[in-house]
Amino acid sequence: MLRLHLLLNRPYYEPGGSVVSTVQVYNDPEAAGAAPIRIQELVFLSAGFERTDANWISSLYKPEAATEHTDARKGVRTLFKTDGAMLMRNWELQMGGAHQFTIKFRLPGDLPPTFRGSSIRFNYTVDVKALYELDQGHPAPSTPPPLYETTATTSLLIWPTPTTWGSIMLKRQQPPQLPQQQQQQQQ
């Protein structure tokens, strides 16, 4: 049986930062029906999505990109998506065999932080998907072997950058100035 493990190098990331992910592929010899595996495809992908509930969001909210589709009353918009990286193709993995990949990519610099509210959510994921077949001898030539799929997914936690959120907090802490005060300061 094929096992996939997906590990991240940090517990959180900032927009524009580099993500380093390790993908571990293992053919477990102790699993039921253990046999050599032929991995047809092993694909790595990362994406971020915004989900908004139109019943709760004001009509004043107008994102730059249009909503792509609706998922259970929530409008879904893609914030970023990496191209699928093919890690393996037509690879034989013997029982007990293992392989490891390291993938590095940069996040876009304008991502909102991870957030899960009742009306809006920003979530980010890293996914690895394997399509494989078990090599259990010589099947009948007219019958293709069954194709299996295994997926590993983990969430990326995106934090706000200190420079962006720091400047917003500074602006909020300063009391507003009246026009008369501004003129006195200029003199």
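In this short talk I will go through the fold, the sheet pairings, the nonpolar core and a few single residues of this protein.

Please keep in mind from the start that what you see is a predicted model. Across the protein the pLDDT averages 81, and 72% of the residues score at least 70. There is one stretch to treat with care, residues 167-177, where the pLDDT is below 50 and where the model shows four contacts beyond near neighbours in sequence. Where pLDDT is low, the predicted coordinates should not be read in detail, and I will leave that stretch aside from here on.

Let me begin with the overall layout. The protein contains 10 strands and two helices, and if you follow the chain from the N terminus, the order of elements is β-β-β-β-β-β-β-β-β-β-α-α. Of the contacts in the protein with a separation of 6 or more, 74% are between residues 24 or more positions apart. Of the 187 residues, 33% are buried, while the exposed surface of the protein comes to about 12300 Å², with carbon and sulfur atoms supplying 53% of it.

Now to the sheets. Three strands, in the order β1-β2-β7, make up an open sheet with antiparallel pairing. Why do β1 and β7 each have one side without a neighbour in this sheet? The reason is that β1, residues 2-8, and β7, residues 98-106, stand at the edges and have a single partner strand each, so one side of each is left open in the sheet. On average, and with direction ignored, neighbouring strands here are turned by 20° against each other. If you look at the pair formed by β1 and β2, the latter covering residues 18-27, you will find that they run antiparallel and are joined by seven bridges; as an example of residues facing each other across this pair, Leu 8 stands opposite Ser 21 in β2.

Strand β3 deserves a longer look. With β9 it pairs in the antiparallel sense over 15 bridges, with β6 it pairs antiparallel over seven bridges, and with β5, residues 74-81, it is again antiparallel and joined by seven bridges. Glu 41 is a helpful residue to find on your screen, since it stands opposite Arg 89 in β6 and also opposite Leu 131 in β9. Further along, Glu 50 has Arg 77 in β5 as its bridge partner.

From the strands we can move to the inside of the protein. In soluble globular proteins, nonpolar side chains tend to be buried together. The largest nonpolar core here has 31 residues, and those that touch the most other members are Val 23, Val 25, Ile 39, Leu 42, Phe 44, Leu 107 and Leu 156. Which strands each supply at least two residues of this core? They are β1, β2, β3, β6, β7, β9 and β10, and the largest share, eight residues, comes from β9. To see one core member in its surroundings, take Val 25, which, leaving out residues up to four places away in sequence, touches several residues, among them Leu 2, Leu 4, Ile 39, Leu 42, Leu 93 and Phe 101.

Let me now turn to two serines and ask, for each, whether the residue is buried or exposed. Ser 118 sits in the loop between β8 and β9, and it counts as exposed because its relative accessibility is 58%, where the cut-off for exposed is over 50%. Beyond its neighbours within four places in sequence, Ser 118 is in contact with Asp 53 and Lys 74; Asp 53 is 65 residues away in sequence, yet the C-alpha atoms of the two are 7.9 Å apart. Ser 155, by comparison, is found in strand β10, and it too is exposed, with a relative accessible area of 55%. Its contacts, again leaving aside neighbours within four places, are Leu 8, Tyr 124 and Thr 125, and its C-alpha lies 9.7 Å from that of Thr 114, which is 41 residues away in sequence.

I will finish with a detail of the backbone. Most residues other than glycine have a negative phi, and most peptide bonds are trans. Asn 90, which lies in strand β6, has a positive phi near 50° although it is not a glycine. Asn 90 is partly exposed, with a relative accessible area of 44%.

Methods:
Residues numbered from 1 in each chain as written. Predicted model: local features only at pLDDT ≥ 70, side-chain atom pairs only at ≥ 80, totals over all residues. Heavy atoms only, no water. Pairing = 2+ DSSP bridges. Helix = DSSP H or I, 4+ residues; strand = E, 2+ residues; numbered from the N terminus. Axes fitted to C-alpha atoms, helices over the stretch in contact; angles between N-to-C directions. pLDDT = per-residue confidence, 0-100. Contact = heavy atoms within 4.5 Å. Core = buried A, V, L, I, M, F, W, Y, C linked by side-chain atoms within 4.5 Å. Buried < 20%, exposed > 50% of the residue type's maximum accessible area, 1.4 Å probe, protein only. Areas by Shrake-Rupley, 256 points an atom, 1.4 Å probe, with all protein chains shown as cover.
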